[in-house]
Structures are given as C-alpha cells and as structure tokens.
Amino acid sequence: GLLEGLAATKPGRCHLRSQGSYLVLRELHTWEKDPEVLSTCEKLIQVLIGDEPEEGMENLLEVTIPEEMERRLRDLDREEEEERRRRKELKMSR
C-alpha cells in the first residue's frame, strides 16, 4: 500500500513521522477489527518507532535478506494468515 511504500525509504519514514502517522496508526489499531489491517498497522508502527537502518540500508525495498531468514519470514506470514483464517471461521460458526 501507499504507507508501506513510503515507510520503505528513509525520506518516506521521516515524512510519515513528521505528519503524525504513528498516532493515527496507533488509534486505528485500538478499534480496527480486520486482522489483516491490524497486522499491517503493527508492522508499520514497528518501522516508524524503530531505529533507522544503518547507512546503505535506508531503502528497505533494496535490502538483501538472507535466504534462510526470508524463508522464516514467509513461514511466519503463512502462520499469521492461517491463524486469521481460523479465527474468522470460528467467528462465523458461532
């Protein structure tokens, strides 16, 4: 999405911070019900409040991720998606 794209670069992250995006995302996170939106909020908040990457890694879209780490991240995303699907199915069956 647009915010994720902006959060990928140092100038974009600085702009998001200067516009108070963290506060908006934090508020959205308190009342949003959609698990996918909540997950995206959490990830964006972590990027905005985290330390800036070291020099040469400012653009998160250009960072090379080791193969094993990329596999772990994909597994975590898959597990998160499965958990969301289970919760949704449970909620619908009630």
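**A surface patch and a nonpolar core**

Colleague: What accessible area do I65, M69, L73 and L76 have together as a nonpolar patch on the surface?

Modeller: I65, M69, L73 and L76 form this patch (over 30% relative accessible area, no salt bridge, that is, no Lys or Arg side-chain nitrogen within 4 Å of an Asp or Glu carboxyl oxygen, and nonpolar side chains joined within 5 Å; like charges would be joined within 9 Å). The model is predicted, so local features need pLDDT of at least 70 and side-chain atom pairs pLDDT 80 or more, while totals for chains, interfaces and linings use all residues. Residues are numbered from 1 along each chain, and side-chain values use heavy atoms, without hydrogens and water. By the Shrake-Rupley method (1.4 Å probe, only the protein chains shown as cover), the four together have about 340 Å².

Colleague: Where does I65 lie, and what is its relative accessible area?

Modeller: I65 lies in the loop between α4 and α5 (67-93), helices being DSSP runs of H or I with at least four residues. I65 is partly exposed (between buried, under 20%, and exposed, over 50%), with a relative accessible area of 36%.

Colleague: Which helix gives the most to the largest nonpolar core?

Modeller: This core, a set of buried nonpolar residues joined through side-chain atoms within 4.5 Å, has 7 residues: A7, L16, L25, C41, L44, I45 and L48. The helix that gives the most, with 4 residues, is α4.

Colleague: Which residues is L25 in contact with, leaving aside its neighbours within four places in sequence?

Modeller: L25 is itself one of the core residues. With contact meaning heavy atoms within 4.5 Å, its partners are L3, C41, L44, I45 and L48.

Key: Helices (H or I, at least four residues) and strands (E, at least two) are DSSP runs, numbered from the N terminus. Buried means under 20% relative accessible area, exposed over 50%, partly exposed in between (1.4 Å probe, protein chains only).
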